[in-house]
2 protein chains.
Amino acid sequence: MQLTTKGRYAVTAMLDLASNDSSRPVTLDMISQRQNISLSYLEQLFAKLRKASLVKSIRGPGGGYLLNVNPVDITLTEIIEAVDENIDLRRCHGSKNCLRGKQCLSHHLWCEVSDQIRGFLSSRNLQQVIDDYYTNQDIKVKLTV
Amino acid sequence: MQLTTKGRYAVTAMLDLASNDSSRPVTLDMISQRQNISLSYLEQLFAKLRKASLVKSIRGPGGGYLLNVNPVDITLTEIIEAVDENIDLRRCHGSKNCLRGKQCLSHHLWCEVSDQIRGFLSSRNLQQVIDDYYTNQDIKVKLTV
DNA sequence: AAATACCTGACTATTTTACTTGGTTACTAG
DNA sequence: CTAGTAACCAAGTAAAATAGTCAGGTATTT
């Protein structure tokens, strides 16, 4: 599977955008500084986020990026999949021919795990994560729902 | 995160062991052929599985590997963590200093996701996966519990 | 004694990730 | 209108991890 720095960066950057959600565009340079992510790498990620219509861009001075959708309507799965991280653990990637044309012993298992992760990430939107941060950042243990 | 071929191979090999669970040891050569995994790679994985006391080995002719524990008592998390795949998505890996000494916006989120995955994989044991395979392999869709 | 099969360590190829470089294009504030 | 800003783009690279190989062992059994 892929669920690594790339996806984390994308989510982090989107969180930054969402929490500085003024009417004014946010530059990648600001995000780069605030979140400690290389500018050029951000550019690559935002090219993909833009193609996925999650953000819109404004060029020129005073320009930058804005969310294209309300933070409540952007799930984490959307962000992660937008930057190419496919949440699929199966060896065969769905073709069901993992082992000599047959479905392997653990095929169904990896489907379930992938579904679980995808399901969880789909159940969370940007706004929730931000709200969570401000209400729970000092609470040490929180039970998983 | 790490949740890739290495962990899959380990689980697959353990499933093979568990389903051919006779009193006779199973050689890595057999697993290699049946599951289409390189022998030397299996040797590396089984060295780790043995250190984690999940399997025991018998040397010499007629030797091979046996499960060290009942398949009902081996969770998938145990197997995956035994081969070094740590299910931890956090940039800081727990130190909570993701961003300039502070906990980043998404810290709590990645904790939750990691917990979800670990929780799910811990809830499944080897025997369940095998049983699932034989009862569900033709059923196209199965609702996630 | 010989065959079997585990065991070990080092080494290599491949892939992916994360990041860099060096530009071009669009826009706007002055 | 022009200078500077910031998005956009393409290619290349460094580092790391993964997946696998190779060449030797060592222990056990037949």
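## Where the protein meets DNA strand D

A polar contact here is a pair of N or O atoms within 3.5 Å. With that in hand, look at B:Lys6: one of its polar backbone atoms sits 3.0 Å from a phosphate oxygen of DNA strand D. Keep in mind that this is a predicted model.

Two side chains make polar contacts with the strand as well. In A:Ser57, an N or O atom of the side chain is 2.3 Å from a phosphate oxygen of DNA strand D. B:Gln44 goes for a base instead: an N or O atom of its side chain lies 2.8 Å from a base oxygen of the strand.

## The wider DNA surface

Zooming out, DNA strand D has 24 residues around it, and the closest are A:Ser57, A:Tyr65, B:Thr5, B:Gln44 and B:Arg59. Of the strand's atoms that come within 4 Å of the protein, 67% belong to sugar and phosphate.

Both chains chip in. Chain A brings helix 3 (39-51), strand 1 (55-58) and strand 2 (64-67), while chain B brings helix 1 (5-19) and helix 3 (39-51), and each of these elements supplies at least two residues of the surface near the strand. Sorted by class, that surface has 12 polar, seven nonpolar and five charged residues.

## Chain A and its hairpin

Chain A has six helices and two strands, and from the N terminus the order reads α-α-α-β-β-α-α-α. Of its 145 residues, 50% are buried. If you take the contacts in chain A between residues at least 6 apart in sequence, 63% of them join residues at least 24 apart.

Strand 1 and strand 2 of chain A run antiparallel and are joined by four bridges. A:Ile58 stands opposite A:Gly64, which is in strand 2 of chain A. Five residues lie between the strands of this hairpin, and A:Gly60 takes a positive phi near 80° there.

## Aromatic pairs

Over all chains, a search of the whole structure turns up five aromatic pairs. One of them is A:Phe46 with A:Tyr65, a tilted pair with 4.7 Å from centre to centre and 50° between the planes. The two partners are 19 residues apart, with A:Phe46 in helix 3 of chain A and A:Tyr65 in strand 2 of chain A, so the pair links distant parts of the chain. A:Phe46 counts as buried because its relative accessibility is 0%. A:Tyr65 is buried too, with a relative accessible area of 14%.

Chain B has a tilted pair of its own: B:Phe46 and B:Tyr65 are 4.7 Å apart centre to centre, with 45° between the planes. Here B:Phe46 comes from helix 3 of chain B and B:Tyr65 from strand 2 (residues 64-67) of chain B, 19 residues apart, and this pair also links distant parts of the chain. Both B:Phe46 and B:Tyr65 are buried.

## A buried loop residue in chain B

B:Val83 lies in a loop of chain B, between helix 4 (76-82) and helix 5 (107-122). Is this loop residue buried or exposed? B:Val83 counts as buried, because its relative accessibility is 0%.

Who are its partners? Setting aside neighbours within four places in sequence, B:Val83 is in contact with B:Lys6, B:Gly7, B:Ala10, B:Leu45, B:Lys48 and B:Leu49. B:Lys6 is a name you have met already, through its backbone contact with a phosphate oxygen of DNA strand D. As for B:Lys48, its C-alpha atom is 5.7 Å from that of B:Val83, although the two residues are 35 residues apart along the chain.

Note on methods. Residues are numbered from 1 along each chain as its sequence is written. Chains are lettered from A and ligands numbered from 1 in the order in which they are written. This is a predicted model: local features need pLDDT of at least 70, side-chain atom pairs count only at pLDDT 80 or more; totals for chains, interfaces and linings use all residues. Side-chain values use heavy atoms; hydrogens and water are left out. Buried means under 20% relative accessible area, exposed over 50%, partly exposed in between (1.4 Å probe, protein chains only). Contact means heavy atoms within 4.5 Å. A residue is near a molecule or strand if one of its heavy atoms lies within 4 Å of it. A polar contact is a pair of N or O atoms within 3.5 Å; within protein, one must be able to donate a hydrogen and the other to accept it, and residues adjacent in sequence count only if both atoms are side-chain atoms. Ala, Val, Leu, Ile, Met, Phe, Trp, Tyr, Cys and Pro count as nonpolar, Asp, Glu, Lys and Arg as charged, and the others, Gly among them, as polar. Rings of Phe, Tyr and Trp (its six-membered ring) pair if their centres lie within 6.5 Å; planes under 30 degrees apart count as stacked, over 60 as edge-to-face and the rest as tilted. Two strands pair if DSSP finds at least two bridges between them.
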